[in-house]
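Here's a quick walk through this structure, starting with the fold and ending with what sits on the surface.

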Amino acid sequence: MTALMLAFLRDESGEDLIEYGLLSSFVASVALATIILDPLGLRTSLVGAYGKAVEALYMAAQGDLVRL
């Protein structure tokens, strides 16, 4: 039983998966903090671009766009 416990404690086969999980959670938390804090004003740019896209799609659906 002691040999089995020592073998379990010395087994390092799952360390890479744990490290990748920790790294991905760190990257996700930094990305989320950046989106929430918005230090570069990206939120307003994205909202404006989305609004323009919605308006263009609405106009296309109404037939108001100039046809070539």
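Helices here are DSSP runs of H or I with at least four residues, strands are runs of E with at least two, and both are numbered from the N terminus. With that in hand, the elements of the protein read α-α-α from the N terminus on. That makes 3 helices and 0 strands. Keep in mind that this is a predicted model.

Now for the overall shape. The radius of gyration comes out at 26 Å, whereas a compact globule of 68 residues would be near 11 Å. Laid along the principal axes, the C-alpha atoms fill a box of roughly 80 × 30 × 15 Å. Buried residues account for just 1% of the 68 residues. About 6,500 Å² of the protein is exposed, and carbon and sulfur atoms supply 70% of that area.

What about charge? The protein carries 4 positive and 8 negative side chains, and the centres of these two sets lie 14 Å apart.

Two surface patches are worth a look:

| Patch | Residues |
|---|---|
| Negative charge | Asp11, Glu12, Glu15, Asp16, Glu19 |
| Nonpolar, about 530 Å² of accessible area together | Tyr20, Leu23, Phe26, Val27, Val30 |

To find the negative patch, go to Asp11, one of its members. Asp11 sits in the loop between α1 (2-10) and α2 (15-37). For the nonpolar patch, Leu23 is a handy marker, being one of the residues that form it. Where is leucine 23 placed? Leu23 belongs to helix α2.

Terms used: Residues numbered from 1 in each chain as written. Heavy atoms only, no water. Rg over C-alpha atoms; globule rule 2.2 N^0.38 Å. Buried < 20%, exposed > 50% of the residue type's maximum accessible area, 1.4 Å probe, protein only. Areas by Shrake-Rupley, 256 points an atom, 1.4 Å probe, with all protein chains shown as cover. Lys, Arg positive; Asp, Glu negative; His and termini not counted. Charge placed at Lys NZ, Arg CZ, Asp CG, Glu CD. Patch = residues over 30% accessible without salt bridge, like charges linked within 9 Å, V, L, I, M, F, W, Y side chains within 5 Å. Salt bridge = Lys/Arg side-chain N within 4 Å of Asp/Glu carboxyl O.
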